[in-house]
Amino acid sequence: MQLTKEIDHLISAKQLSHAYLFEGDNLFEMKSTAMYFAEQILCDAEQNCVSKVQSFNHPDFVYIQSDETTIKKQQIEELLRKMNQKPIESQYKVYIIEAFDKLTVQGENSILKFLEEPPPNTIALLLTTKKDQILPTIHSRCQLVHFKPASKENYIEELKLSGISSAIAHTLSFVTSDKEEAIVLTEEQSFTQLRKSVTKLAELMVKDTQMAMIYLIECTKIANTRPLQQLYLNSLNAYFQDVLHAKIQLEVIKAYPDVEAEITEISKHLSLNDISKYIQVITEANRKLAQNVNATLVLEQMVINGKR
């Protein structure tokens with residue numbers, strides 16, 4: 001990988017910046033590269049040290065992530081406390097923040113102050129798939145590392161090789177670029193059930209608003225956490241993207257290839273403005289969920305506004 005060669009060169013030439021912003025749509029590749037970077041900075045190929053980093057047990061390494069919609073203030077406070085201490089086993093201290101865009105404004109401002117006056121030999125690796133949601137002042141304090149878009153075809157094939165069905169793999173390729181997350185979704189979160197619910201709700205939203213409102217009770221039972229609710233809306237958005245592509249007869253990779261005939265039929269009864277409105281209200285609903293607005297209220301407004 002070209003990036004690993006560049007990383008090796010930076011380390012050997014002692015040209016390390018105090019902060020790097022990894023941005024792109026392939027979170028899996030960014031995580032792998034960030035971990036490799038941390039291992040090279042802290043360990044110099046010493047295997048026991050590498051094992052500590054990989055198991056998140058190295059005293060000079062902190063990895064921040066969250067399954068919630070935001071990264072908690074307490075996580076950032078603990079991170080800053082550790083990074084303000086002197087290195088224990090290595091020359092440097094390294095911290096990685098996965099999905100940096102999940103930081104609250106308060107958390108982002110705390111990191112900004114830290115980036116402006118970092119302790120010696122402290123290196124930040126910030127990962128994001130949504131760079132436009134990050135403060136411009138954060139961008140200006142970091143060295144940008146851009147990851148080229150992943151090939152959707154290759155990603156789908158990778159998922160299929162992991163034992164995921166073709167139809168499910170197609171949908172997953174539209175809602176997550178992280179292979180590990182995709183596999184977990186199919187194993188632990190009954191993604192197949194969620195996906196079936198999405199297709200049913202989408203059809204009801206178009207054909208029978210009243211029944212769609214009633215069906216929301218079942219939807220919230222399936223998507224009963226904030227991350228699942230956002231996954232549900234992302235999957236619903238992908239469905240209406242398929243409807244749009246069917247309407248304009250655009251030959252692209254489909255999120256729901258197994259129900260292509262039904263989607264094509266639905267597209268015949270909707271105008272481009274209708275489809276655009278559905279995508280717009282779903283996007284708005286997702287934004288409100290991120291602001292912790294009541295999920296049931298958000299979904300009800302989405303169904304109602306989609307028909308207006």
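**Notebook: Asn294 and the H11–H15 pair**

I looked up Asn294 and found that its side chain reaches the backbone nitrogen of Thr296 at 3.1 Å, and that the Asn294 side chain also reaches the backbone nitrogen of Leu297, at 3.0 Å. I noted that this is a predicted model, in which local features need pLDDT of at least 70 and side-chain atom pairs count only at pLDDT 80 or more, while totals for chains, interfaces and linings use all residues. Residues are numbered from 1 along each chain as its sequence is written, and side-chain values use heavy atoms, with hydrogens and water left out.

Next I asked where Asn294 sits, and found this residue in the loop between helix H14 (272-290) and H15. Because its relative accessibility is 47%, I entered Asn294 as partly exposed (buried is under 20% relative accessible area, exposed over 50%, and partly exposed in between, with a 1.4 Å probe and protein chains only). I also recorded that the C-alpha atoms of Asn294 and Arg226 are separated by 9.8 Å, although these residues are 68 apart along the chain.

Then I turned to helix H11 (residues 209-222) and helix H15 (residues 295-307), which pack at an angle of about 155° with their axes 10 Å apart. I therefore wrote them down as roughly antiparallel, a term for angles over 145 degrees. On the H11 side, the contact (heavy atoms within 4.5 Å) is made by Thr209, Ala212, Met213, Leu216 and Thr220, and on the H15 side by Thr296, Leu299, Glu300, Val303, Ile304 and Lys307.

Terms used
Axes fitted to C-alpha atoms, helices over the stretch in contact; angles between N-to-C directions. Helix = DSSP H or I, 4+ residues; strand = E, 2+ residues; numbered from the N terminus. Parallel < 35°, antiparallel > 145°, perpendicular 65-115°, else oblique. Polar contact = N/O pair within 3.5 Å; in protein donor to acceptor, adjacent residues only side chain to side chain.
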